[in-house]
Amino acid sequence: MKKINGKNLAYFLDNETVPKPKIEKPKQILVALAGNPNCGKTSLFNKLVGANQRVGNWAGVTVERFEGSTFHRDYLIKIIDLPGTYSLTTYSPEEIVARNFIVEEKPDVVINVVDSTNLERNFFLTTQLIDIQANLIVALNMMDEVEDKKTQIDIGHLENLLGIHTIPTSAVKGTGIEELLDHVVDLYTNKIVTKHNKLVFSDLSEHFIERISEILKTDEELSAKYVPRWLAIKLLVNDKDIYGLIHGRPIWIKIHQILEEAIRRVKIEQNTDPEMLLKEERHSFIRGAIRETVKFKPKIKRTTTEIIDSLLINRITGLPIFALFMWLIFQVTFRLGEMPMNLIENLFTALSNFIVQIIPEGIGRSILVDGVIAGVGGVLVFLPNIMILFLSLSFLEGTGYMARAAFVIDKVMHKFGLHGKSFIPMITGFGCSVPAFMATRTLKSESDRITTLLVIPFMSCGAKFPVYVLVAGTFFDQNSAGNVLFGIYLLGVVIALISARLMKSILFKDISEPFVMELPPYRMPTFKTLMFQMWFRASQYLRKAGTIILFVSVLIWVASNFPKSESVEKLYITKIENVKQNVNLSDEQKLQKITKLESKKNSLQLENSAVGIAGKFIEPIVRPLGFDWKLGLSIVTGIAAKEIIVSTMGTLYSLGSDSGNTDALREKLLASDKYNKAVAISFLVFILLYIPCFAASIVFHREAGSWKWTAFYAVYTMSVAWLISFVAYNIAGLFLL
Ligand code: BGO
């Protein structure tokens with residue numbers, strides 16, 4: 001056999017005749033390493049690719065380009081080491097190179113190398129990589145140093161909060177490298193995924209991001225190439241390159257308008273611009289994530305924020321402090337509100353007296369005094385309380401405390417199957433259910449969202465407040481009234497939490513998905529912002545008083561005055577005439593008797609009127625709760641708007657010339673033998689828990705998106721209200737009477 005270079009020739013011949021086995025080219029995965037300068041990216045890159053690397057330059061700039069490759073589990077992993085950057089703006093050539101590569105080249109996987117000894121600074125870039133919706137893995141590098149410093153990182157929890165697979169590594173010790181490569185392959189082959197829904201900005205920011213994204217999506221060419229959400233965020237932060245990309249396109253006109261609106265609203269509501277707002281919200285997200293997952297060795301010297309946080313977010317002191325703040329708010333609202341409230345009351349009394357003097361008795365005067373002033377005036381007297389309540393809530397929100405409260409509540413919320421993030425819409429519910437329902441949009445888990453929507457009605461809205469002030473202030477002394485108010489609000493929260501637990505385990509049978517609880521910086525809210533927010537709510541309240549409440553007040557006046565019973569009218573006119581003719585009575589005695597007869601006649605006429613008939617129809621349903629037909633009817637009218645409850649009561653208790661005067665209404669309530677403390681408690685509980693106003697219910701339906709949920713919401717709130725009121729009435733009856 002012929003030999004070539006000492007090798008058997010048959011070997012070569014065989015090789016030529018036998019078909020060559022097909023060697024498949026290994027599948028290639030393109031990976032980018034992104035991270036801050038000095039996070040250990042180069043060291044990690046060296047560990048990943050060994051000597052298998054080349055150095056070149058990025059096209060057009062004098063920035064070095066390192067690339068290398070390695071084999072792992074049948075895959076050729078090609079790794080590009082991007083220049084170190086703190087951010088993905090376009091201020092430096094390094095940033096432009098890193099950003100363009102990720103956005104334009106779309107690597108299969110991006111490894112975000114993070115210096116774990118400095119998470120706060122390094123995660124800023126991470127939040128921007130989340131915006132781009134890159135297929136991310138976080139390499140928590142320098143873990144050896146973290147261990148040396150006795151810092152503990154709950155990596156599992158961090159992974160859940162960020163929605164990104166997180167691998168601890170040490171580039172100097174060479175640990176975590178295999179695991180990192182395993183995750184690259186798993187992410188590429190879709191065995192694992194990166195969740196991009198974890199970074200949610202504030203309602204205000206998300207509102208504009210969503211609106212701009214929707215318009216961007218209509219430009220097919222653009223949205224095929226770029227992530228619309230990322231573009232929207234970049235436009236809001238005034239990114240010159242993205243502006244250049246979009247401003248020549250037809251969609252720009254609409255986007256431009258939204259951007260202008262965003263600048264205006266952010267200035268008014270947050271006293272800053274969208275760029276700063278988003279930046280701050282990224283930091284809040286990062287602070288929250290770190291606070292939840294990292295335990296540092298106690299430091300000797302702490303920052304002021306850390307010292308305050310150690311009290312406010314503390315496991316032991318956090319909850320009582322939150323309860324104390326809430327209690328204070330209700331005390332202040334009640335006590336401070338008293339003086340201006342009396343002033344407005346006196347104004348309306350003077351107005352009624354004036355009208356009584358200038359307009360002769362008749363239907364016109366009665367509509368004005370018993371309808372309009374009793375109804376609208378009865379609601380307006382509570383304006384100072386509403387303003388104080390909203391001012392206090394806005395203050396706590398603006399200082400950054402509300403986010404801390406949500407943070408503290410987070411753990412409690414988890415016990416009830418909800419996430420701390422649900423607490424923000426719930427707290428918003430203390431103001432008004434409409435924005436609260438809308439705020440649930442930031443909850444990405446469907447079951448969390450529906451559950452939160454269903455429990456928001458139990459968070460007592462501001463419109464119910466006047467009823468509380470009226471009833472608690474009538475049946476309880478000044479000291480106890482604030483406590484009763486606080487108790488009512490607390491009961492709402494407790495019922496909301498229990499309901500959430502029940503719904504989560506019976507209706508949804510799942511647990512809540514973890515999200516970061518943002519921790520914004522502490523700051524003093526500006527006077528202007530506080531005033532704006534307070535005035536915004538107050539003007540809404542005033543508008544309601546001038547429209548729907550005015551309309552319903554007049555409607556109730558009509559329904560409570562007609563039809564009139566002719567026989568009752570005749571009978572009492574005769575009786576009154578008899579008194580007038582009675583020579584044995586003094587003028588004073590006559591006046592007393594006539595007033596009594598008038599009152600009796602009015603009360604009988606009311607019972608015979610449309611309102612009386614409707615009230616009597618409802619009475620059997622509400623009687624077990626201690627209510628008569630007047631309270632029952634007030635509840636029904638309250639379905640239109642909660643403020644109407646007080647105005648209905650004002651009209652129903654037919655105050656004549658005293659209309660608009662809450663003191664007179666209080667006297668009537670106190671004088672009635674049907675009402676006592678137990679009825680008052682039962683009534684307060686019912687008002688607290690039953691279905692929100694009509695406008696809020698429409699928003700609920702829109703957010704829940706199905707009649708099934710809307711029907712459930714109506715039945716559930718009404719049944720809970722009835723049941724708990726029934727229990728409260730009977731228990732209060734045992735102790736308070
Ligand atoms: C010096 N652990 C520890 N302890 N150190 C690490 C790790 C790790 O996991 N990873 C990297 N380092 P680069 P960029 C140095 O150079 O890879 C260290 O910019 C020194 N140099 O060894 O360059 C790494 O590519 C003198 O440290 O980062 C390097 O992201 C004294 O982090 C530094 C001490 O790593 C930056 C360290 C002259």
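Q: Let me start with a single residue: is Q133 buried, exposed or partly exposed?

A: A good way in, and please keep in mind that this is a predicted model. Buried means under 20% relative accessible area and exposed means over 50%, with partly exposed in between. Q133 has a relative accessible area of 34%, so it is partly exposed. You will find Q133 in the loop between α4 (119-132) and β8 (136-141).

Q: What is the sign of phi at Q133?

A: Phi of Q133 is positive, about 60°, although Q133 is not a glycine. N238 is another case to look at: this residue, also other than glycine, has a positive phi near 65°. N238 sits in the loop between α10 (228-236) and α11 (240-246), and with a relative accessible area of 48% N238 counts as partly exposed.

Q: And the omega angle? Which two residues does a cis peptide bond join?

A: Look at F562 and P563, where the peptide bond is cis with omega about -10°. P563 belongs to the loop between α25 (548-561) and α26.

Q: Let us follow the chain into α26, then. How do its end C-alpha atoms compare with the span that 1.5 Å a residue should give?

A: Helix α26 covers residues 566-581, which is 16 residues, and at 1.5 Å a residue it should span 22 Å. Its end C-alpha atoms are 22 Å apart, so the two values agree.

Q: How do I read the faces of a helix, and which residues of α26 are buried?

A: The general idea first: an α-helix has 3.6 residues a turn, so residues three or four places apart point the same way. In α26, the buried residues are V568, Y572, I576 and V579. Viewed down the axis of α26, these buried residues fall within an arc of 60°, so they line one face of the helix. On the face turned away from that buried side, α26 carries the exposed residues E566, S567, K570 and Q581.

Q: Now the ligand. Which residues come nearest to it?

A: There are 15 residues around the ligand, and N38, T42, S43, D144 and A171 come nearest. By type, the shell divides into five nonpolar, seven polar and three charged residues.

Q: Which polar atoms should I inspect around the oxygen atoms of the ligand?

A: Begin with T42, where a polar side-chain atom lies 2.3 Å from a ligand oxygen. Backbone atoms take part too: a backbone N or O atom of C39 is 3.0 Å from an oxygen atom of the ligand, and a polar backbone atom of M142 is 3.2 Å from one. As for cover, the ligand taken alone exposes 750 Å², and the protein buries 54% of that. The elements giving two or more residues to the shell are α2 (41-49) and α5 (143-148); α2 gives the most, with three residues.

Q: What follows α2, and where is G50?

A: G50 lies in the loop between α2 and β4 (53-57). Its relative accessible area is 34%, so G50 is partly exposed.

Q: Could we finish with a strand? Is T166 buried or exposed?

A: T166 lies in strand β10 (residues 165-168). At 3% relative accessibility, T166 counts as buried. To see what its side chain does, trace the contact with the backbone oxygen of I164, which the side chain of T166 reaches at 2.9 Å.

Notes:
Residues are numbered from 1 along each chain as its sequence is written. This is a predicted model: local features need pLDDT of at least 70, side-chain atom pairs count only at pLDDT 80 or more; totals for chains, interfaces and linings use all residues. Side-chain values use heavy atoms; hydrogens and water are left out. A residue is near a molecule or strand if one of its heavy atoms lies within 4 Å of it. A polar contact is a pair of N or O atoms within 3.5 Å; within protein, one must be able to donate a hydrogen and the other to accept it, and residues adjacent in sequence count only if both atoms are side-chain atoms. Accessible areas come from the Shrake-Rupley method with a 1.4 Å probe; for residues, only the protein chains shown count as cover. Helices (H or I, at least four residues) and strands (E, at least two) are DSSP runs, numbered from the N terminus. Ala, Val, Leu, Ile, Met, Phe, Trp, Tyr, Cys and Pro count as nonpolar, Asp, Glu, Lys and Arg as charged, and the others, Gly among them, as polar. The expected span of a helix is 1.5 Å times one less than its number of residues. Buried means under 20% relative accessible area, exposed over 50%, partly exposed in between (1.4 Å probe, protein chains only). The arc is that of the directions from the helix axis to the C-beta atoms.
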